[in-house]
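Reader: I'd like a close look at a single part of this model. Could you pick one strand and walk me through its surroundings?

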Amino acid sequence: QVQVVESGGGLVQPGGSLRLSCTASGSIASIAIMAWYRQVPGKQRELVGVIISGSNTNYTDSVKGRFTMSRDIVKNTAYLQMNSLKPEDTAVYYCNVAGRTTAWRPFGSWGQGTQVTVSS
């Protein structure tokens with residue numbers, strides 16, 4: 001079983017920064033993908049960014065140049081550095097982790113989400 005925990009959300013003024021963390025734990029043999037999604041009430045969850053194999057990143061157009069993902073492979077942790085935040089970035093941010101367990105079974109696990117609110 002794999003658990004995913006996000007942290008780092010909060011209230012920030014427009015133009016400010018936040019760093020989110022996502023840590024996976026449990027019976028993990030390897031992690032292939034760590035991804036950040038966000039969701040606002042009444043809308044579908046949207047992919048924000050993904051980091052593959054520890055270094056390859058891709059972002060949705062609305063956050064390119066402002067958000068940066070990184071990963072600590074030893075700690076099974078991914079980070080989402082969010083700069084120049086805008087009110088439209090307000091959402092619950094979720095982390096999804098995909099890989100293989102120590103039994104070599106594929107897994108995909110979600111965290112519980114962390115609220116990010118951008119407001120003056």
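Author: Here's a tour of strand β9, its pairing partners and the core around it. Keep in mind that this is a predicted model.

β9 covers residues 91-101. Eight of its 11 residues are buried, so the strand is largely enclosed by the rest of the structure.

Now for who pairs with whom. β9 lines up antiparallel with β4 over 10 bridges, and in that pairing alanine 35 sits opposite asparagine 96 of β9. β9 is also joined to β11 by three bridges, again antiparallel; there, valine 92 has glutamine 115 in β11 as its bridge partner. Then there's β10 (residues 106-110), tied to β9 by five antiparallel bridges. Alanine 98 is matched with glycine 108 of β10. These two strands make a hairpin with four residues between them, and tryptophan 104 in that turn has a positive phi of about 65°.

On to the packing. The largest nonpolar core has 28 residues, and Tyr93 and Val97 are among those with the most contacts inside it, along with Trp36, Phe67, Leu80 and Met82. β9 supplies at least two residues of this core, as do others including β4 (28-39), β8 (77-82) and β11 (114-118).

Methionine 82 is a handy way to see how things meet: leaving out residues up to four places away in sequence, methionine 82 touches Tyr93, Val116 and Phe67, among others including Leu18, Leu20 and Arg66.

How values were computed:
Residues numbered from 1 in each chain as written. Predicted model: local features only at pLDDT ≥ 70, side-chain atom pairs only at ≥ 80, totals over all residues. Heavy atoms only, no water. Core = buried A, V, L, I, M, F, W, Y, C linked by side-chain atoms within 4.5 Å. Buried < 20%, exposed > 50% of the residue type's maximum accessible area, 1.4 Å probe, protein only. Contact = heavy atoms within 4.5 Å. Pairing = 2+ DSSP bridges.
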